[in-house]
Amino acid sequence: MMKNYPLVFRRIFILCFFLLGAAQLLGQNEFITVWNTNNGDNHNTIVFPGTGDNYNLLVSPVAPTLGTPFTITGNGVTVVNVPVAGIWRLAASPGAGNFTNFNFVSDTTDRLKIITLEQWGVSYGVI
């Protein structure tokens, strides 16, 4: 049997429910991929096939022994130089500019190096 809670408590509950949902959506705005630089050529680079300008790329090693995370600014197709060959996670977000999608159409990308797409982000796509 449902209790008759005051209207104020019901409204607060509904507001909290919607705020938590909005926070969840906003918290997932990064487009996250995982790359193995040992696949393909140039083991210390990743050619990230982004579309946009002045977007942020957070580059993090999957294994802590590879190094520490760092951030670079992406402009279109961006070459990421990593200090050690291995598995790296790239998180793309709009930053100061825009990041619109991820595009493997170009022959200049490292298609063989991508191993996982972990998160799509809010409004990004793959072509």
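1. Reading along the sequence, you meet the pattern α-β-β-β-β-β-β-β, that is, one helix and seven strands. Helices (H or I, at least four residues) and strands (E, at least two) are DSSP runs, numbered from the N terminus.

2. A word on the basis: this is a predicted model, where local features need pLDDT of at least 70, side-chain atom pairs count only at pLDDT 80 or more, and totals for chains, interfaces and linings use all residues. Residues are numbered from 1 along each chain as its sequence is written, and side-chain values use heavy atoms, leaving out hydrogens and water.

3. Of the 127 residues, 31% count as buried (under 20% relative accessible area, with exposed over 50% and partly exposed in between; 1.4 Å probe, protein chains only). Contacts (heavy atoms within 4.5 Å) tell another part of the story: among those with a separation of 6 or more, 71% link residues 24 or more positions apart.

4. The largest nonpolar core (buried Ala, Val, Leu, Ile, Met, Phe, Trp, Tyr and Cys residues joined through side-chain atoms within 4.5 Å) has 16 residues. Two or more residues each come from β1 (31-36), β2 (45-61), β4 (87-93) and β5 (98-102), and β2 gives the largest share, five residues.

5. Have a look at Phe48, one of the core residues with the most contacts inside it. Leaving aside residues up to four places away in sequence, Phe48 touches Trp35, Leu57, Val80, Leu90 and Phe102, among others.

6. Asn101 sits in strand β5 and counts as buried because its relative accessibility is 13%. The side chains of Asn101 and Thr51 share a polar contact of 2.6 Å (a pair of N or O atoms within 3.5 Å; within protein, one must be able to donate a hydrogen and the other to accept it, and residues adjacent in sequence count only if both atoms are side-chain atoms).
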